[in-house]
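Q: I am new to this structure and would like to look closely at a single part of it. Please take me through that part slowly, and then show me what lies around it.

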Amino acid sequence: MSNKEKNLTLVLKALTFAAEKHRHQRQDDAAASPYINHPIALVNLLIEVGVTDSKVISAALLHDTLEDTDTTYAELKIHFGKKISDIVWEVTDDKSLTDAERRRIQIAHAKTASKHAKLVKLADKTCNLRDIIKTPPVGWDIKRQRDYFDWAQEVIDALRGVHKKLEKAFDKAYALRP
């Protein structure tokens with residue numbers, strides 16, 4: 001099997017794993033879209049701006065599995081190895097903390113995150129803004145939407161310099177702030 005085929009197989013394995021783990025989850029939008037659409041949107045954005053590293057793409061597909069499913073780090077490591085698992089771990093929030101504390105930690109961590117984690121975080125925040133613009137989460141008034149946009153900007157400002165095209169995509173989404 002060629003490297004290209006191995007990379008594609010890895011990405012498809014990550015997609016299958018994420019789809020299975022998120023199978024019963026829905027997004028908070030009015031349409032209650034399947035949650036897996038969100039990780040797929042990250043991959044689409046990453047590829048669109050030229051990020052094709054199979055480890056980054058796989059981590060983007062898996063980025064919410066530790067945070068939002070019963071997946072463990074050990075399980076990810078068995079299936080995807082240390083590198084991908086570490087990227088996912090870096091972008092995972094500790095749900096036992098308050099929202100304010102998680103937000104503070106994301107801003108602080110963005111500065112020191114690995115390049116791969118920064119790419120996933122940047123794609124995630126960009127896709128979140130796009131989703132809020134297109135179909136705001138149910139119950140989110142304009143103030144909450146604006147607060148999210150402003151916080152996302154703080155996170156992204158802390159990791160700038162990682163990928164110009166991806167940062168431009170974020171800035172374009174942010175410019176549509178409600």
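Which residue's side chain is joined to that of histidine 63 by a polar contact of 3.3 Å?

A: The residue is aspartate 124, for in this predicted model a polar contact of 3.3 Å joins its side chain to that of histidine 63. A polar contact of 3.1 Å also joins the side chains of histidine 63 and aspartate 64. Histidine 63 itself is found in the loop between H3 and H4, and with a relative accessibility of 1% it counts as buried, because buried means a relative accessible area under 20%. If residues up to four places away in sequence are not counted, histidine 63 touches His38, Pro39, Leu42, Val88, Val91, Thr92, Val120 and Asp124, so that aspartate 124 appears in this list as well as in the polar contact of 3.3 Å.

The helix on one side of this loop deserves a careful look. Helix H3 runs over residues 54-62 and is mostly covered, since 8 of its 9 residues are buried; these are Ser54, Val56, Ile57, Ser58, Ala59, Ala60, Leu61 and Leu62. The buried residues of H3 pack against several other helices, namely H1 (3-21), H2 (37-48), H4 (65-68), H5 (73-90) and H7 (115-134). At the N-terminal end of H3 there is a cap, provided by aspartate 53, one of whose side-chain oxygens lies 2.7 Å from the backbone nitrogen of lysine 55.

Another loop, the one between H1 and H2, holds isoleucine 36. Isoleucine 36 counts as buried at 16% relative accessibility, and, leaving aside its neighbours within four places in sequence, it is in contact with Leu15, Ala18 and Ala19.

Aromatic rings add a further layer to the picture, with 6 aromatic pairs in the structure. One of them joins tyrosine 73 and tryptophan 89 in an edge-to-face arrangement, with 6.1 Å from centre to centre and 75° between the planes. Tyrosine 73 counts as partly exposed at 25% relative accessibility, whereas tryptophan 89 is exposed, with a relative accessible area of 55%. Phenylalanine 149 and tyrosine 174 form a tilted pair, because their ring centres are 5.9 Å apart and their planes stand at 45°. Since phenylalanine 149 lies in helix H8 (residues 142-159) and tyrosine 174 in helix H9 (residues 164-174), this pair ties together parts that are 25 residues apart in sequence. Phenylalanine 149 is buried, with a relative accessible area of 0%. There is also one aromatic cluster formed by Trp140, Tyr148 and Trp151.

Charged side chains meet rings in two places described here. The charged end of arginine 103 sits over the ring of tryptophan 151, 4.6 Å from its centre, and lysine 13 lies over the face of phenylalanine 80, at 5.3 Å from the ring centre.

Arginine 103 and tryptophan 151 also take part in a contact between two helices, H6 and H8. Helix H6 (residues 99-110) packs with H8 at an angle of about 25°, their axes being 7 Å apart, and the two helices are therefore roughly parallel to each other. On the side of H6 the contact is made by Arg103, Gln106, Ile107 and Ala110, and on the side of H8 by Asp147, Tyr148, Trp151, Glu154, Val155, Ala158 and Leu159.

Methods: Residues numbered from 1 in each chain as written. Predicted model: local features only at pLDDT ≥ 70, side-chain atom pairs only at ≥ 80, totals over all residues. Heavy atoms only, no water. Phe/Tyr/Trp six-rings, centres within 6.5 Å; stacked < 30°, edge-to-face > 60°. Buried < 20%, exposed > 50% of the residue type's maximum accessible area, 1.4 Å probe, protein only. Helix = DSSP H or I, 4+ residues; strand = E, 2+ residues; numbered from the N terminus. Lys NZ or Arg CZ within 6 Å of the ring centre and 35° of its normal. Contact = heavy atoms within 4.5 Å. Polar contact = N/O pair within 3.5 Å; in protein donor to acceptor, adjacent residues only side chain to side chain. Axes fitted to C-alpha atoms, helices over the stretch in contact; angles between N-to-C directions. Parallel < 35°, antiparallel > 145°, perpendicular 65-115°, else oblique.
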